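Trainee: I've got the model open and a few things I'd like to talk through. Can we go over it together?

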Amino acid sequence: MSASSNAIESVLVENRVFPPADSVVKAARVSGMAGYEALCAEANKDPEGFWARLAREHLQWTKPFTQTLDESKAPFYQWFADGELNASANCLDKHMGTPVENKAAILFEADDGTVTQVTYRQLLERVSQFANALKAHGVQQGDRVLIYMPMGVEGVVAMQACARIGATHSVVFGGFSAKALNERIIDAGAVAVITANYQLRGGKELPLKAIVDEGLSMGGCDSIKNVFVYQRTATACDMVAGRDKTFSEILAGQSTECPPTPVGAEHPLFILYTSGSTGKPKGVQHSTGGYLLWAKVTMEWTFDIRPDDVFWCTADIGWITGHTYVAYGPLAAGATQVVFEGVPTYPNAGRFWQMIERHKVTVFYTAPTAIRSLIKAADSDESVHPKNWDLSSLRILGSVGEPINPEAWMWYYRHVGGERCPIVDTFWQTENGGHVITPLPGATPLVPGSCTLPLPGIQAAIVDETGKDLPNGAGGMLVIKRPWPSMIRTIWGDPERFKKSYFPEELGGTTYLAGDGAVRSADRGYFRITGRIDDVLNVSGHRMGTMEIESALVAKTDLVAEAAVVGRPDDLTGEAICAFVVLKRSRPTGEEAKQIATELRNWVAKEIGPIAKPKDIRFGDNLPKTRSGKIMRRLLRSIAKGEPITQDTSTLENPAILDQLAQSN
C-alpha cells in the first residue's frame, strides 16, 4: 500500500470548464448544483433514511424490508436483508400493463447490420420460457450458472432467466480462454454452462462452444450437468450426448409464463470474476436488492434517462458495465436500448456514428480506448469522421472503463456531441456495482479528464497510507468511507481475501479501498483518477501515476494518437518509465524514431517535469488490446522488462503486436 500513498498531483492543470446549458439544467432529473447538493445533504443527514427512501421508490418488493443497513458483521454489510424481491420482475413484469409493455426494449444490431427489435412483452416471454427450460433441466434457486455468450438478445435473456428463478449467474467474456473458463467453473461450482456455437465479430466466426469443451476437458468440472448451446451461425459444432443441448431443444414446449421466484435482498444475483494481483481471479459477489437499486438510480441520475430515449452502452455483458448498463439498468428504467454484436471498426471505423444516426441514439456510453482509436481512424481517413453522419439525436455522452485524457474528451465533445452534449465521465469498478464518482448532466460543470464529484450517498475521500485525509491538491489513495447498497458483498468463497483486498486493517477495517490513486483539484475539489495504485511509479523517490504521463503524451495532439506507460526496474532510479506510443502517422524507425522520442521526452518534461521523462519510448502500429478494447498493460510490463511473454494472450485482438513492440527497442 505504501507505494500508492503519495501519487503526485500532475502539473497538467486543466482550466477549461463547461457548465451545463440552461435548457439541460431545467429539464434534468437532478437540476443544477442546488439539486445535487440537496440530495447530498439528505444522504449525509440520514444515510439509512436516504437509501430506504430510494429502495422503496425505485424497487418493487414482494416482502417489504424493515431494516435498511445491518453493519453488525462489518465489513460484510447487509442491505434491506429481511426484504424479498426478484430482479427480473423489477426489469420486466413491472412494465406489464403500462405503456412500456409494447415499447422496444432492445434494438439488436448484428455484426452484419441486421436489426431485430424486441418489445418488453416479447422479452418477458422469452425470459420466462428460458427460465422454465432451466428449471426443467434441474437448475434450482441458489445454483450457479456460467454464461459464455456473444453480445445479443440471447445473452440478456440468459442472465434475466437465471435471476427469475433465483439462480446466480457468472458471465465470462466471450474472449476469455478455456483455462479461464475452467478456473471460473471450478471456483463457482457451476451446474450448467450457457454458450453459443460461434460468435460473429468483424465479419469473422469465432468459436465459443469449442472453448467450453476444452475448458471442461481440463478437469475439475464435475459439477457441470448441462451445456446449453445457442446456434448463432449455421456452422456445426461438436455436441456431447446427454450433456449438450441446443436452445431449440430445451425451449420446445416450454410455457412463456414463469412466475418470478422471490429471493432475499442479499441473495447473490451474480458472481463476476475480475483479475487479481495474485493471478487467481476474484469472484466479486453482488446482491440482488442493493445492486439493482443502484443500477436503476444511476440510470436516472447519471444518464437522466427519459421515456423517449434510445440508450446505447457499447460494453459487452462479460464486463460489469454490460451487467449494470445493458442487462439490468436500462430494463429496470424501462428504456429502449441498442445492443451491438460487432466491433467499432467493421466494416469501417464509421460504424458507431452510422448506428447512432440509424437508431437515433440519444444517450451514448463508450470507452476512452474506443474513442482514441476512432480519433486515429478519422485523422487518417476523413470518410469515417463523425461529421459525415447526422448525430443530432444525441443529448448525453458517457465515458467508462478508464480515465479519459483531456484531448480525447475535447474531441468527443466537439466532433461527436457537437459542443452541446454533456459528457458524463464515470468512475466506478466491478466491485462498486454502479457509478460512484461522475458528473450529472444537468448539474455539474464539466472539466475535461475529471470524473468530478461523488454521487449522493457515496462518501469518497483521498487518504494517505494511515487513513488520514489529505488536502485538495495532494494525491493519495481513493477510499469510500461509508457503505452503500451496491457494493461488493464478498469474494466468492474467500472472505479473508475480501477483507484484505478491500477493507485493510491499516485503514481501520471498515473503509473501502478502491485500489486507485486519485487527486482532488485545489479549486473545485473535483476528483481525477491517476491510475491503479500498483501503476504508481517510484522514480528516484518521486511517485506519479502512469495515467499522468499517458495524458501528457496524448496531449501532443499533432503527433500522438495513443500511449500506454508502465514501469520497469532500473538500477539508478529504482524504476524507469517506459512508454509505448502509437503515432498519428506511420511508425518511425532508426534515426527518425530517435528524433521523435527525444521530442516526446522534452514535451513530457515541459508538461509535467523532467522527472516524468520516459527513459524508454517504443513505437508500434497499435497497442495490445483485448477484444473489448482494454490495453493489456501486464503484457507491456513484461516487454519493458525484456521478459518472455508467459501470460495467457488468448483474449488479445492483435497478438502480433507483441513481437513488434518487443523488437522496437
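**Talking through the predicted model**

Mentor: Sure, and let's start with K630, which is exposed at 54% relative accessibility. Keep in mind as we go that this is a predicted model.

Trainee: Where does K630 lie in the chain?

Mentor: The two elements to look for are β30 at 616-619 and α18 at 633-641. K630 falls after the strand and before the helix, in the loop between β30 and α18.

Trainee: Which feature does UniProt place at K630?

Mentor: Two records touch on that residue, both from an unreviewed entry, so treat them as annotation that may be inferred rather than shown by experiment. One is a domain, "AMP-binding enzyme C-terminal", placed by UniProt at residues 548-630. The other, placed at K630 itself, is "modified residue: N6-acetyllysine".

Trainee: And which residues does K630 touch, leaving out those up to four places away in sequence?

Mentor: We already have K630 as exposed, at 54% relative accessibility. It still has contacts once sequence neighbours up to four places away are set aside. Those partners are G401, P624 and K625.

Trainee: How far apart are the end C-alpha atoms of residues 548-630?

Mentor: That's the stretch UniProt gives as the domain. Its make-up is 30% helix and 30% strand. From one end to the other, the C-alpha atoms are separated by 18 Å.

Trainee: P624 came up as a contact of K630. What is the separation between the C-alpha atoms of P624 and A656?

Mentor: A656 sits in the loop between α18 and α19 (657-662), and at 62% relative accessibility A656 is exposed. Along the chain, A656 and P624 are 32 residues apart. In space, their C-alpha atoms are separated by 8.6 Å.

Trainee: On to charges. How many salt bridges does the model have?

Mentor: The idea is that side chains of opposite charge can pair when their charged atoms come close. The cut-off here is a Lys or Arg side-chain nitrogen within 4 Å of an Asp or Glu carboxyl oxygen. By that rule the count is 41.

Trainee: Take R53 and E57 in helix α3. How far apart are the closest N and O atoms?

Mentor: Both residues belong to α3 (residues 47-58), four residues apart, about one turn of the helix. R53 is partly exposed at 27%, while E57 is exposed at 51%. Their salt bridge has its closest N and O atoms at 3.1 Å.

Trainee: And K499 with E496, what's the N to O value there?

Mentor: These two are three residues apart in α15 (residues 495-502), so about one helical turn separates them. K499 is partly exposed at 29%, and E496 is exposed at 53%. Their side chains meet in a salt bridge at 3.3 Å.

Trainee: Which residues do salt bridges with shared partners join into one network?

Mentor: K625, which K630 touches, is one of the members. The whole network is R372, E402, E550, E562, K625 and R633.

Trainee: Last one: how are α10 and α11 oriented to each other?

Mentor: The axes of α10 (residues 289-301) and α11 (residues 320-332) come within 9 Å and cross at roughly 75°. The contact involves residues including Y291 and L292 of α10 and Y325 and Y328 of α11, with nine nonpolar, four polar and one charged residues by class. Angles of 65 to 115 degrees count as roughly perpendicular, so that's the word for α10 and α11: roughly perpendicular.

Notes: Residues are numbered from 1 along each chain as its sequence is written. This is a predicted model: local features need pLDDT of at least 70, side-chain atom pairs count only at pLDDT 80 or more; totals for chains, interfaces and linings use all residues. Side-chain values use heavy atoms; hydrogens and water are left out. Axes are lines fitted to C-alpha atoms, for helices over the stretch in contact, and angles run from 0 to 180 degrees between N-to-C directions. Angles under 35 degrees count as roughly parallel, over 145 as roughly antiparallel, 65 to 115 as roughly perpendicular and the rest as oblique. Contact means heavy atoms within 4.5 Å. Ala, Val, Leu, Ile, Met, Phe, Trp, Tyr, Cys and Pro count as nonpolar, Asp, Glu, Lys and Arg as charged, and the others, Gly among them, as polar. Buried means under 20% relative accessible area, exposed over 50%, partly exposed in between (1.4 Å probe, protein chains only).
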